[in-house]
Amino acid sequence: KEPFLETTHYDRDELVFNAFLDPYRKFSSGLFSSEETPFESSVVDMLDYLLDSAGVSDGARVLEIGTGWGCLLKRLKERHPHAAYTGVSPSAAQNDYVREHVDKDAPIHACAFESAVIAGPFDAIFLSGTFCHIQRKPQQLARMCELLSANGRLVIEDTFFQSREVKEALRDNAARDSVQNAMFGWAELMPLSAALDIAETSGFRLNTGRDVTCHFAQTGKEWIRRLARADLPYADKKDMLTYLRLANQGWHRNALYYVLTFERRTRLRSAAA
């Protein structure tokens, strides 16, 4: 089926997200330098870490698969106002928000990446919390590799199962199905080792990998605390609280959260030649 086209929690009333997200509205992990790091600072630190991991500079060509509420675009414009941004997102609610609050002229393909017609090359490609939503991952990763410039980088920030054994043990788990399908519309979590294998066979080599599982768990706790205290009708926040609590349990028990940076393997062959 076509991914991500039915109504999901990404299309909920923005007041629900206002109740627990930071001002950038980053719906993925922060980066905490210490337990005292303010939540808002952790989000900026993670956005900067993502941009720096990709080596983004002013004038860079950037593709983001999963624009979300525009957090990366907002930080990119603040740090590198002359960078050229292209986004992909099938969420009408989020795209409207980005154009109203972040960049009224933001070039966003309003569809899933699998059906988007995109011309490269790009110096950086970002997937923050959206790799799990990509269908036919080997084919689409190979396509991302083709879209990258010779010295470009792919950055993936996402959740992975700890192992193949954990994934198999949770195959028929109701909570897993609730998070990946009922809430997301469609998602496929995979073991970290499997994701690395697919990336390698698709033309990439791993440049850096950073385990930020504890940072995502801390982010989730802050989301839960904020949403539980929010002055919202019970029905408006009930399902979101259920999702956040289920997901946060997974990050403690069965899942890893990583930032992975890849380069094209052709870059190494060219250097050797």
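Me: In this predicted model, over the face of which ring does Lys74 lie?
Reply: A lysine counts as sitting over a ring if NZ is within 6 Å of the ring centre and within 35 degrees of the ring normal. Lys74 lies at 4.6 Å from the ring centre, over the face of Tyr24.

Me: How far from the ring centre of Tyr49 is the charged end of Arg210?
Reply: For arginine, CZ has to be within 6 Å of the ring centre. The charged end of Arg210 sits over the ring of Tyr49, and its distance from the centre is 4.9 Å.

Me: How many aromatic pairs does a search of the whole structure find?
Reply: Rings of Phe, Tyr and Trp pair if their centres lie within 6.5 Å. Searching the whole structure gives a count of 12.

Me: Is the pair of Phe27 and Tyr243 stacked or edge-to-face?
Reply: Planes over 60 degrees apart count as edge-to-face. The ring centres of Phe27 and Tyr243 are 6.5 Å apart and the planes stand at 70°, so the pair is edge-to-face.

Me: How many residues apart are Phe27 and Tyr243?
Reply: Phe27 is in the loop between helix H1 (14-18) and helix H2 (39-53), while Tyr243 is in helix H10 (residues 234-253). The pair links distant parts of the chain, and the separation is 216 residues.

Me: Is Phe27 buried or exposed?
Reply: The cut-off for buried is under 20% relative accessible area. Phe27 has 17% relative accessibility, so Phe27 counts as buried.

Definitions and conventions
Residues are numbered from 1 along each chain as its sequence is written. This is a predicted model: local features need pLDDT of at least 70, side-chain atom pairs count only at pLDDT 80 or more; totals for chains, interfaces and linings use all residues. Side-chain values use heavy atoms; hydrogens and water are left out. Rings of Phe, Tyr and Trp (its six-membered ring) pair if their centres lie within 6.5 Å; planes under 30 degrees apart count as stacked, over 60 as edge-to-face and the rest as tilted. Helices (H or I, at least four residues) and strands (E, at least two) are DSSP runs, numbered from the N terminus. Buried means under 20% relative accessible area, exposed over 50%, partly exposed in between (1.4 Å probe, protein chains only).
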